[in-house]
Amino acid sequence: MNRTLIILITVFCAQVSIADVMRIAVTTSFENSGLADVLLPAIKDDLDLDVQLLVVGTGQALRLGEAGDVDAILVHSKAAEEAFVAAGHGTHRREIMYNDFVVVGPKSDGAGAGAAANAADALGRIVAADRAPFVSRGDDSGTHKAELAIWTLAGIDIADLGLRYQSVGAGMGAALNTAVGLNAYVFSDRASWLNFGNKGGLVLLYQGDPALFNQYAYLPINPSKNSHIRNDLAIQLEGWLTSQKASTLIDDYQIAGEKLFTFNASSP
Amino acid sequence: MTAAFPLILSGVQVRRQGKTVLGPVDLTLSANGTTIIVGPNGSGKTTLLRVMHGIERIRVGGVVWENDDPAKHAFVFQTPIMLRRTVAENLAYPLMLLKTPKDQIDLAVDHWLGRIGLDSSRGGQATRLSGGERQKLAIARALIRKPDVLFLDEPSANLDGHATREIEALLHEVANAGTRLVMATHDMGQARRLANDVVFLLNGRVHEYGLAEPLFSTPSTLELIAFLRGDIVS
Amino acid sequence: MSIDEELWEISLRSLRVTLTALLIASIIAIPLGTYLAVQRFRCRRFVISIINALMGLPPVVVGLVVYIMLSRSGPFGVLNLLFTPTAMIIAQVIIITPVIASIAHQSMRELWAEYHDLLISLNTSKWQRILTLIHDGRRNLLTAALAGFGRAIGEVGAIMIVGGNIDHVSRVLTTAIALETGKGDFVLAMGLGFVLIGISILVNLAIHTLTRTEREGRW
């Protein structure tokens, strides 16, 4: 009786699809870049594959992968990714491309972050000047972890900063909104910043330090978790993402005349 | 039709919030006619009626009908309860509960609407009727299932003279047609006009019970004498 | 897909999800609220208090619980419902059923107090009482349902988690607004917000017109 009920409900609720469908959890910074709008149609054309994107924070993407609710994830947090694979949640990690982080702040730049020698120096100047606060995503995302790494490089303990450091626990867009509202400094990925529609009185102040490079990796989820995981499609997509076609699309992608991502996938 | 009587109440008591509002009451009501219950306000008339009808829970004592069929009673409340529907729908409601066929319902509704003179209001909301019209509707609704006995709790208490007369006329017709009436009233004139037998309640006890004529002309207790005179009795 | 087509798509999806949730929630909540008004039983006050308390359940928490239930690694994962409109409907049903039940119960209780003596006197069965109350109290029940609608159409936390805000699959007006706000595109977000309010007004108007509640004497 119970079994019949489950079968009936499954049939009732089953999503009938003609093309192949796979789900990927991606980070908000990837979505904000707008690159998906270029890649997805091409994927559909070449592979007849409908890619459903769940745009979540890095932490949630990893959780979804762990639960087996998605077929692959695309994130940018190397340490977390390696742990993910080591724990058996993902089969492997494949580097696809990188973009970079930038330091954004008030046009007046009272702290002189724009003239810093490197990223750590920029953050150091911001808190030393204590003119405008610093807004952090504080959400354990790839961007947040990268930001924390710079603080460590600068030898600064954020616990000592008091009100100079505002942790909002939110996504990139929300953090940027808050920063604009407070006329504060903020650590952002380049794509999100370029695409952000509400820049207010903030401008890009510091960029270029290699410590700010942000590597994106693609991780197929371990199919042994459950029978719904389309590992076949995940591998197919991986092949496409590391192909010449993808390489061209990614390198050619620009916002306001600026290149965003650099393709750096190598043979497996 | 009146096979349900006699009605025997033995040792009936109703308590509310620690006080005895009715009882102990021992009463046997006979088969025919119209019984009127009189007594000052607060003497328990409403409670007694509700006990007899069976909508009041009694802890002590028993109410025994010769032949009880609950569908054969009907009750008219002091403030008529109108369903939030049209006049015709209110009338039809008790028959709908019995799953009576529609054509029979329509016949009955038409009959009663004519009898109480509300035919022109049949499609209007019952809640917009005047007090007298509502009470007539309530009585008609109570009678539409042809009950053996009709209980009425001071039906014309809040009505003007004209409405009261209409209602008494209706009750007179109905009683003559054989329906047993048990009615509470504080209108002594009404009591004299309609009663076959009378129950005089005082402080929740039956003080006197008997045929109307002798009771009104030669009351036996001082309290009843005072009450009939119009004094305040407690 | 042009902006207009996209707008149509997510608006219709919003309506479909919320109206379906409303229908299911009402079917559960209205008889429940009415039953609680007419039937006395020992834990009745307790049940009513629980329902009232559930009204304050944060939608995000509901979303989280439903996600855990529907996740492939969860008890109902085999149904493969996660990240679909169906999952969103489930979450919204859970959120709005207490709201509708509570409001329905309140007005049914008042109506029952009015009808109590008459319906008992007429020897009605429990079921007949419930049907009579629902029929005669339908205007107030409609208000209860519309309150549920309002709660659902503007909800974003739960359906974001269980629906995933997937483009062309589970994106609705509220999640789209959240997305555009996050991107800093306030103009678009506001525009979508106005569409949402407009739809809400239209639904309310449509329902009131269909039931002719303002007509003289019927209210």
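**Arg230(A) and the three chains around it**

Visitor: In which loop does Arg230(A) lie?

Guide: This is a predicted model; local features need pLDDT of at least 70, side-chain atom pairs count only at pLDDT 80 or more, and totals for chains, interfaces and linings use all residues. Residues are numbered from 1 along each chain as its sequence is written, while chains are lettered from A and ligands numbered from 1 in the order in which they are written. Helices (H or I, at least four residues) and strands (E, at least two) are DSSP runs numbered from the N terminus. Arg230(A) lies in the loop between E9 and helix H10 (231–241) of chain A.

Visitor: Is Arg230(A) buried or exposed?

Guide: A residue is buried if 20 or more other C-beta atoms, placed from the backbone, lie within 10 Å of its own; with 12 or fewer it is exposed, and in between partly exposed. Arg230(A) has 20 C-beta neighbours inside 10 Å, so it counts as buried.

Visitor: Which residues does Arg230(A) touch, not counting residues up to four places away in sequence?

Guide: Contact means C-beta atoms, placed from the backbone, within 7 Å. The C-alpha atoms of Arg230(A) and Ala72(A) are separated by 8.9 Å, with the two positions 158 residues apart along the chain. Leaving out residues up to four places away in sequence, Arg230(A) touches Met22(A) and Asp71(A).

Visitor: Where in chain A is confidence lowest?

Guide: pLDDT is the predictor's confidence in each residue, from 0 to 100. Chain A has a mean of 89, and 93% of its residues reach 70 or more. Where pLDDT is low, the predicted coordinates should not be read in detail. Confidence in chain A is highest in strand E3 (residues 72–75), at 96, and lowest, at a mean of 64, in helix H1 (residues 2–13).

Visitor: Which element gives the most to the side of domain 1 of chain A that touches domain 2 of chain A?

Guide: Chain A is divided into domain 1 (19–98 + 213–263) and domain 2 (100–212), with bounds from an automatic or database domain assignment. Their contact takes 18 residues from domain 1 and 20 residues from domain 2. On the domain 1 side, helix H2 (28–33), helix H4 (58–67) and strand E9 (213–220) of chain A each give two or more residues. The most, four residues, come from H2(A).

Visitor: Which chains have the most contacts between them?

Guide: Chain A and chain B do not touch; their nearest C-alpha atoms are 36 Å apart. Two pairs of chains do touch, and the most contacts are between chains A and C.

Visitor: Which element supplies the largest share of the side of chain C that touches chain B?

Guide: The contact takes 14 residues from chain B and 12 residues from chain C. Helix H4 (85–121) and helix H5 (126–136) of chain C each supply at least two residues on the chain C side. The largest share there, six residues, comes from H4(C).

Visitor: What is the radius of gyration of chain B?

Guide: Chain B has eight helices and nine strands. The radius is taken over C-alpha atoms, and the globule rule is 2.2 Å times the number of residues to the power 0.38. For 234 residues, a compact globule would be near 17 Å; chain B agrees, at 18 Å.

Visitor: How many strands does chain C have?

Guide: From the N terminus on, its elements run α-α-α-α-α-α-α-α-α. Chain C comes to nine helices, and its strands number zero.
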